[in-house]
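Colleague: Please give me a close look at the salt bridges. I would like to know where the partners sit and what surrounds them.

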Amino acid sequence: MAVAAWLVHGRRLRHGRRRLETMPDFMLKDIGISRCAIDHVARAERRAAGRLD
């Protein structure tokens, strides 16, 4: 069961990262994210949802 949860977590993390990576720079700037901070923001979002890395 833990392996399945780990795989689901990884998939959700990649999906969130991909969504941010497809946004143009001006949209990222509007929400206060720089392109180099996408990975950090995606991981922080998952932590805030109660899923630790």
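Modeller: One term comes first: pLDDT is the predictor's confidence in each residue, on a scale from 0 to 100. It is needed here because this is a predicted model. Averaged over the protein chain, pLDDT is 84, and 85% of the residues reach 70 or more. Confidence is highest in α2, with a mean of 94, and lowest in α3, with a mean of 80. Where pLDDT is low, the predicted coordinates should not be read in detail.

Now the frame that holds the charged pairs. The protein chain has 3 helices and 0 strands, and the order along the sequence is α-α-α. The chain has 53 residues, of which 21% count as buried. Among contacts with a separation of 6 or more, 39% are between residues 24 or more positions apart.

The salt bridges number 3. One of them pairs R17 with D39, with 2.9 Å between the closest N and O atoms. R17 belongs to helix α1 and D39 to helix α3, which covers residues 38–48, so this pair ties together parts that lie 22 residues apart in sequence. D39 has a relative accessibility of 36% and therefore counts as partly exposed.

D39 has another partner, R43, and the N to O distance of that salt bridge is 3.6 Å. The cut-off for a salt bridge is 4 Å between such atoms. Both D39 and R43 lie in helix α3, and their spacing of 4 residues is about one turn of the helix. R43 has a relative accessible area of 28%, so it is partly exposed. Through shared partners, the salt bridges join R17, D39 and R43 into one network. D39 is the residue found in both pairs, with R17 and with R43.

The remaining pair to describe is D25 with R35, whose closest N and O atoms are 2.8 Å apart. D25 is in helix α2, residues 25–30, while R35 is in the loop between α2 and α3, so the pair ties together parts 10 residues apart in sequence. D25 counts as exposed because its relative accessibility is 51%, and the limit for that class is over 50%. R35 is partly exposed, at 38% relative accessible area.

R35 also leads to M23, a residue of the loop between α1 and α2. Setting aside neighbours within four places in sequence, M23 is in contact with R35, L28 and I31. The C-alpha atoms of M23 and R35 are 9.3 Å apart, with the two positions 12 residues apart in numbering. M23 counts as partly exposed at 25% relative accessibility.

I31, one of the contacts of M23, is in the loop between α2 and α3. Beyond residues up to four places away in sequence, I31 touches M23 and L20. Its relative accessibility is 49%, so I31 counts as partly exposed. The limit for exposed is over 50%.

Back at the side of α1 and α3, two further pairs of positions are worth a look alongside R17 and D39. G16 is in helix α1 and is buried, with a relative accessible area of 12%. G16 and A42 are 26 residues apart along the chain, and their C-alpha atoms are separated by 5.9 Å. R19, also placed in helix α1, is partly exposed at 47% relative accessible area. From R19 to I38 the C-alpha distance is 9.7 Å, and the sequence separation is 19 residues.

Last, the surface apart from these charges. The accessible surface of the protein chain is about 4300 Å², and 60% of that belongs to carbon and sulfur atoms. V3, W6 and L7 make a nonpolar surface patch of about 370 Å². L7 is found in helix α1, which runs over residues 2–21.

To put the charged pairs together: R17 and D39 tie parts of α1 and α3, D39 and R43 are both within α3, and D25 and R35 tie α2 to the loop between α2 and α3. For the pairs that involve α3, keep in mind that α3 has the lowest confidence, a mean of 80.

Terms used: Residues numbered from 1 in each chain as written. Predicted model: local features only at pLDDT ≥ 70, side-chain atom pairs only at ≥ 80, totals over all residues. Heavy atoms only, no water. Helix = DSSP H or I, 4+ residues; strand = E, 2+ residues; numbered from the N terminus. Buried < 20%, exposed > 50% of the residue type's maximum accessible area, 1.4 Å probe, protein only. Contact = heavy atoms within 4.5 Å. Areas by Shrake-Rupley, 256 points an atom, 1.4 Å probe, with all protein chains shown as cover. Patch = residues over 30% accessible without salt bridge, like charges linked within 9 Å, V, L, I, M, F, W, Y side chains within 5 Å. Salt bridge = Lys/Arg side-chain N within 4 Å of Asp/Glu carboxyl O.
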